[in-house]
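Q: I've got a new protein model open and I'd like to learn how to read it. Could you take me through its features one at a time?

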Amino acid sequence: MSTAYTEEPDGPGHEATVVELPRLEPPPDLTINTLGTARITSPMAPLLDATRTTEHYINENDRVLLDDTLSGISARGLAADQLPGMEPCGPRRKIFFDPAKTRAAIVTCGGLCPGLNDVIAGIVRTLTYHYRVRRVVGIRNGYQGFVARYGHDVVDLTPESVRDIATDGGTVLGTSRGPQDPEEIVDCLERLHVNILFVVGGDGSMRGAMQIARTIADRGLLIAVVGIPKTIDNDIPYIDQSFGFQTAFSLASDAIRAAQVEAKSTAGGIGLVKLMGRHSGFIACYAALARSGADAVLIPEVPFALDGEQGLLAHVRRRVRERGHAVVVVAEGAGQELLGGVDEDARDASGNARLHDIGPWLRRRIADHFSDAGIETSIRYIDPSYAIRSVPANPYDSVYCVRLSQAAVHAAMSGRTEMVVGRYRRRFVHIPMHVAVSRRNQVDPHGDLWTAVLESTGQPVRFG
């Protein structure tokens, strides 16, 4: 018994291919036995009252599909033609660019992130070893490197020159923030006879890459633009995790450990740790879960109040009274509404709204609260942000970077453009750039990650 699904044609003039698949065996019985009917209201019920199925949480009455591929669904005889799907990464049987005549360029943009050098090295090795591309150039200092008035040179990249760069943090190519004229950038690509441009950067860099791709299209040029998304905050949608994130929260957890040790070593001690996370609190959440020493985690997605019996300050005071110390973890974008809100007119070079510095402000408020209550305390404040951004990737992230770079090269050599590579639901996929910048990935206040944080810290569902 077999079934079939249709692969799209390779291009104009080619027929679609019908792929015969053996019908899968009937699925196993996935019923879970229980001891009987559950009748007692759980203490966890208040955490679950407002939850619903989202991409971050599965309601208890919902089900997780056994098959996550089109062919898997088709092989079970199910209708699949209306299901949305992403194109998988990987080498293609036919490529667009002639390797012997192809030149590629790599540029890194925006803030530092663990793994940048791994990505550079991975791209160079895959282009050189597997596709025999003869010249790969690195653009110095971000998008500025394309613009003549900055005077930056380019550097030839070979497997030998990038062999050991992954042992260092940062990027050997340098980086910069802020947009540049896409017309000047494409002028430079033409002068360098570049056929493929790899952009490693965050959402602002990808928006710039989209402008470059449109300018290329307007000129009728055949230059592929492929992105490898970079964000230490893990805030790009439709990607399981961005590279460097695991390294970042691992080191952030060390900061929480240090704060806990300091707090426990003094009478009424309080450790306060500020971590990265302008709009998304993933690093704060994962670091707190990894260390399990935090009494409160504050993230941008969940507003909080300081005052009152249900406020943060009262919670910290109770923990100090009960345990002799307390540890608070705050993401940099948390609590902005308490400091007057974000001034949308004040922006940095990347176009991001400038945030108020929540760390020192929160430290003062905690100190004043304990002083007013006549309670002796000692506050240790730690901000490890730049130390975390600049380190080399850990082994997990190094492997992830290599696989992303390989996927990017395969996509580019096949002629795909204005897209990024990422891993979604454990599989490496192609994602259109406009989709990758369409919204911001954030911690779901109703999702299981935030519920896990609340369970770990014992803090209330809401402060105030």
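Q: Let's start inside a sheet. Which residue stands opposite Leu-275 in strand 11?
A: The general idea is that strands of a sheet pair through backbone hydrogen bonds, either parallel or antiparallel. In this predicted model, Leu-275 faces Ala-331 of strand 11. The two strands involved are strand 9 (residues 269-275) and strand 11 (residues 325-331), which pair in the parallel sense over 7 bridges.

Q: What is the order of the strands in that open sheet?
A: You read the order by stepping across from one edge to the other. Here the 4 strands go 10-11-9-12, and the pairing is parallel. At the edges you'll find strand 10 (296-298) and strand 12 (378-382), each of which pairs on one side only. Ignoring direction, neighbouring strands are turned by 15 degrees against each other on average.

Q: Which strands does helix 9 touch?
A: Helix 9 (residues 358-372) packs on this sheet and touches strand 9, strand 10, strand 11 and strand 12. Its direction makes about 160 degrees with that of strand 9.

Q: How do I read the other sheet, the one with 8 strands?
A: Go across it in the same way. The order is 3-14-13-8-7-4-5-6, the sheet is open, and the pairing is mixed. Strand 3 (87-88) and strand 6 (154-156) are the edge strands, with a partner on one side only.

Q: How many bridges join strand 13 to strand 14?
A: There are 6, and they connect strand 13 (residues 419-424) with strand 14 (residues 427-432). These two strands run antiparallel. For a pair to look up in the viewer, try Val-420, which has Ile-431 of strand 14 opposite.

Q: Which helix lies across strand 13 and strand 14?
A: That's helix 11 (residues 395-413). It also lies across strand 7 (196-201) and strand 8 (224-229), and it runs at about 135 degrees to strand 13.

Q: On to side chains. How many aromatic pairs does a search of the whole structure find?
A: The search turns up 7 aromatic pairs. One of them is Tyr-143 with Phe-146, a tilted pair at 6.4 Å centre to centre and 40 degrees between the planes. Both Tyr-143 and Phe-146 are buried.

Q: Why is the pair of Phe-249 and Tyr-286 tilted?
A: To answer that, look at the angle between the ring planes: under 30 degrees would count as stacked and over 60 as edge-to-face. The planes of Phe-249 and Tyr-286 are at 40 degrees, so the pair is tilted, with the ring centres 5.2 Å apart. The pair also links distant parts of the chain: Phe-249 belongs to helix 6 (residues 245-264) and Tyr-286 to helix 7 (residues 282-291), 37 residues apart. Ring pairs also bring in Phe-245, which forms a cluster with Phe-249 and Tyr-286.

Q: Why does Phe-249 count as buried?
A: Because its relative accessibility is 12%, and buried means under 20%. Tyr-286, with a relative accessible area of 28%, is partly exposed.

Q: Which residue has its charged end over the ring of Tyr-238?
A: Arg-439 does, at 4.9 Å from the ring centre. There's another case to look up: Arg-423 lies over the face of Tyr-400, 4.6 Å from the centre of that ring.

Q: What does UniProt place at Asp-203?
A: A record like this gives you a label to compare with the atoms. The unreviewed UniProt entry puts the feature "binding site" at Asp-203. In the model, Asp-203 is in helix 5 (residues 203-218) and is partly exposed at 27% relative accessibility. Not counting residues up to four places away in sequence, Asp-203 touches Val-437 and Arg-440.

Q: Where is Gln-310 found?
A: Look in the loop between strand 10 and helix 8 (312-323). Gln-310 and Pro-460 are 150 residues apart in sequence, yet 8.2 Å apart in space, C-alpha to C-alpha. Leaving aside neighbours within four places, Gln-310 is in contact with Arg-462, Phe-463 and Gly-464.

Q: And how much of the protein chain is buried?
A: Buried residues make up 48% of the 464 residues. In total, the chain has 13 helices and 14 strands.

Definitions and conventions:
Residues numbered from 1 in each chain as written. Predicted model: local features only at pLDDT ≥ 70, side-chain atom pairs only at ≥ 80, totals over all residues. Heavy atoms only, no water. Phe/Tyr/Trp six-rings, centres within 6.5 Å; stacked < 30°, edge-to-face > 60°. Buried < 20%, exposed > 50% of the residue type's maximum accessible area, 1.4 Å probe, protein only. Lys NZ or Arg CZ within 6 Å of the ring centre and 35° of its normal. Pairing = 2+ DSSP bridges. Axes fitted to C-alpha atoms, helices over the stretch in contact; angles between N-to-C directions. Contact = heavy atoms within 4.5 Å. UniProt positions renumbered as here; feature names shortened; annotations may be inferred.
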